[in-house]
Amino acid sequence: MATQPPGTAHPGHDVPYGELLSGLRRFIRTEGRRYLDDPNITSIGLGDRVVGGRRTGELAVQFTVEEKRSEPEALAALGTTPVPEVVTVAGIRVPTDVLDRRSQPALTAGPSRSLASTRGPSTSSRAAGTDQ
């Protein structure tokens, strides 16, 4: 999860970080269901943006998908649409991140249990059918 200290969410913005997190949680609860109607999206949550397999420390709205594709033809064949590059919450543009469900989690706890890196303060999963 992003390690941003309390205070402003991003330099130059007046929205406190806690308020941004509350807004993002609300976004997931209210808008997440619409995204989970997409047959390729399996969960939506908050976490660090991942680039090249490494966490960046930048807060992102994470979408976990069955198959990560960017070509319009491949997306159409899956019956899916592109995830937006950013979402705007409390007047702040927050990047999104698309994670392939088959990826290995960035966090593990013990030899047999894993804590998925897509789990943040708020997640929604189509399989579970509930907010967590």
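This text walks through the chain from its overall layout to one strand and then to a group of aromatic rings.

The model is predicted. Its chain holds two helices and seven strands. Read from the N terminus, the order is α-β-β-α-β-β-β-β-β. The chain has 132 residues, and 36% of them count as buried. The exposed surface comes to about 7,700 Å². Carbon and sulfur atoms supply 50% of that area. Now take the contacts between residues at least 6 apart in sequence: 55% of these join residues at least 24 apart.

Start with strand 4, residues 92-100. This strand is mostly covered, with seven of its nine residues buried. Two other strands pair with strand 4, and each is taken in turn here.

Strand 2 spans residues 54-65 and runs parallel to strand 4. Five bridges join these two strands. To find the pairing in the model, look at Gln62, which stands opposite Asp97 of strand 4.

Strand 3 covers residues 86-89 and runs antiparallel to strand 4. Here four bridges make the connection. Val86 has Pro95 of strand 4 as its bridge partner. Strands 3 and 4 also form a hairpin, with two residues between them. Ala90 lies in that turn. Its phi is positive, at about 55 degrees.

Next come the aromatic rings. The structure holds two aromatic pairs. In one, Phe27 and Tyr35 meet in a tilted arrangement. Their centres are 6.2 Å apart, and their planes make an angle of 50 degrees. The pair counts as tilted because planes under 30 degrees apart would be stacked and those over 60 edge-to-face. Phe27 and Tyr35 are both buried.

The other pair joins Tyr35 to Phe63. This one is edge-to-face, with 5.0 Å from centre to centre and 70 degrees between the planes. The pair links distant parts of the chain. Tyr35 belongs to helix 1, residues 17-36, while Phe63 sits in strand 2. The two residues are 28 apart in sequence. Phe63 is buried, as is Tyr35.

Which residues make up the aromatic cluster? Phe27, Tyr35 and Phe63 form it together. Tyr35 takes part in both pairs, with Phe27 and with Phe63.

One further feature involves the ring of Tyr35. The charged end of Arg34 sits over this ring, 4.5 Å from its centre.

Strand 2 ties the two parts of this tour together. It carries Phe63 of the aromatic pair, and it is also joined to strand 4 by five bridges.

Notes: Residues numbered from 1 in each chain as written. Predicted model: local features only at pLDDT ≥ 70, side-chain atom pairs only at ≥ 80, totals over all residues. Heavy atoms only, no water. Buried < 20%, exposed > 50% of the residue type's maximum accessible area, 1.4 Å probe, protein only. Contact = heavy atoms within 4.5 Å. Areas by Shrake-Rupley, 256 points an atom, 1.4 Å probe, with all protein chains shown as cover. Pairing = 2+ DSSP bridges. Phe/Tyr/Trp six-rings, centres within 6.5 Å; stacked < 30°, edge-to-face > 60°. Lys NZ or Arg CZ within 6 Å of the ring centre and 35° of its normal.
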